[in-house]
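Please look through the sequence and the model below before reading on. The paragraphs that follow begin with one helix and then widen the view to the rest of the chain.

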Amino acid sequence: MSTFKVGSHFVTRIEEMLTPGFLPEFLFPDFDKRVFLQAKLLAAPRFWHAESGKVMSSMHSWMIRKDRHVILIDTGCGNDKSRALPIFQRFHQLHLPYLDNLLAAGVKPEDVTMVICTHLHVDHVGWNTRLVNGQWVPTFPNARYIFSRREFEHWQSPTGGGITLPENMAVIADSVLPIVAAGLVDFVDDGAQILPGLYFEDAPGHTAGHGMIKLESDRDAAVFPGDSLHQPMQVYMTDWNSRFCESADQARTTRRAVLDYCSDRKALLLPAHFGAPHGGYITRHATGYGFKPADDLVVSG
Ligand SMILES: [Zn+2]
């Protein structure tokens, strides 16, 4: 369990799974294996599973604790969910000890005060709900759930996300709509201050209403970029979109804006899927960017 200190806040990774994910040539249509010559660390076992040829893929929530607040950013894939289509099979009928991992961090589901979803894809909303007596019910009954208004409308629109990624509509049905029906959602717009020092900003491209979360605490800052970046290799190849990015040019613009913010502000980058230690710093030089894993910042492991 990695915990980072950001100013006066503690940010802990709550693991759902850490496994080889997609083949990079599948995930990134522009993939070229010469990227491994760009930086030795990209081929290190924590980012690259050489035996299978797949990138290492983490599924986790970032938990921010401050005073009485217990905030989860993104909620992984969830248990018991039917995701039978081949591209989603890694997420199909899971029985993972995510809630045990949360408990090991000292938090029961009812202790969670807020859940923020960067976007509404299958691997970011799963633990919003769990199956009880055949019904999908909110996993965190005392939390307010923060969704981007634009993102929610995108998945409600007949010309929106259901066209580009129809297999995600079942996800909306079992992991998003039950939260709306329970009256637990607060919809937010670009620039919303969610709590002191915690901001939601539009970061479109991966999905139309995709957002990122910024945490500013004392002199420190962290950014949770969601799927603006799936893998460290995209720090070096900022043009590479995942095959799940809806708007190619917007996704590239957002990715570079995230990297510029991180390098200018010296902000800790805490993405949704990077291998261990799951976060790092961005350096900028004349021809591009570099990634430095934040091993030194982990205050408990
Ligand atoms: Zn994702």
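**A bent helix and its surroundings**

Helix 5, which covers residues 169-181, bends by about 35 degrees at S175, and within four residues of that position there follows a proline, P178. The structure is a predicted model, and the bend, like every other value here, should be read as computed from that model. Along helix 5, the residues V171, S175, V176 and I179 are buried, so that S175 is both the site of the bend and one of the buried positions. In general, an α-helix has 3.6 residues a turn, and therefore residues three or four places apart point the same way. The buried residues of helix 5 pack against four strands, namely strand 7 (129-132), strand 8 (135-138), strand 9 (144-148) and strand 10 (185-188). Between the end of helix 5 and what comes next, G183 takes a positive phi of about 75 degrees just after the helix.

A positive phi also appears in the hairpin that strand 11 and strand 12 form, where two residues lie between the strands and G197, in the turn, has a phi of about 85 degrees. Strand 11 (residues 192-195) pairs with strand 12 (residues 198-202) in the antiparallel sense over three bridges, and L195 stands opposite L198 of strand 12. Further along the chain, a hairpin joins strand 16 to strand 17, again through two residues. Here the antiparallel pairing of strand 16 (residues 280-285) with strand 17 (residues 288-293) runs over six bridges, and H285 has G288 in strand 17 as its bridge partner.

Turning to the interior, the largest nonpolar core comprises 57 residues, and V115, A222 and V223 are those with the most contacts inside it. If its neighbours within four places in sequence are left aside, A222 is in contact with V6, V11, L215, A267, L268 and L270. Apart from this largest core lies another, of ten residues, which includes V35, L42, F47 and W48.

Taken as a whole, the protein has seven helices and 18 strands. Its radius of gyration is 18 Å, close to the 19 Å that the globule rule gives for 301 residues, and it is therefore as compact as a globular protein of that length. Along the principal axes, the C-alpha atoms fill a box of roughly 55 × 45 × 35 Å. Buried residues make up 45% of the 301 residues, and, of the contacts with a separation of 6 or more, 66% are between residues 24 or more positions apart.

Notes. Residues numbered from 1 in each chain as written. Predicted model: local features only at pLDDT ≥ 70, side-chain atom pairs only at ≥ 80, totals over all residues. Core = buried A, V, L, I, M, F, W, Y, C linked by C-beta atoms within 7 Å. Buried ≥ 20, exposed ≤ 12 C-beta atoms within 10 Å, placed from the backbone. Contact = placed C-beta atoms within 7 Å. Pairing = 2+ DSSP bridges. Bend = angle between axes of the 7 residues up to and from the residue. Rg over C-alpha atoms; globule rule 2.2 N^0.38 Å.
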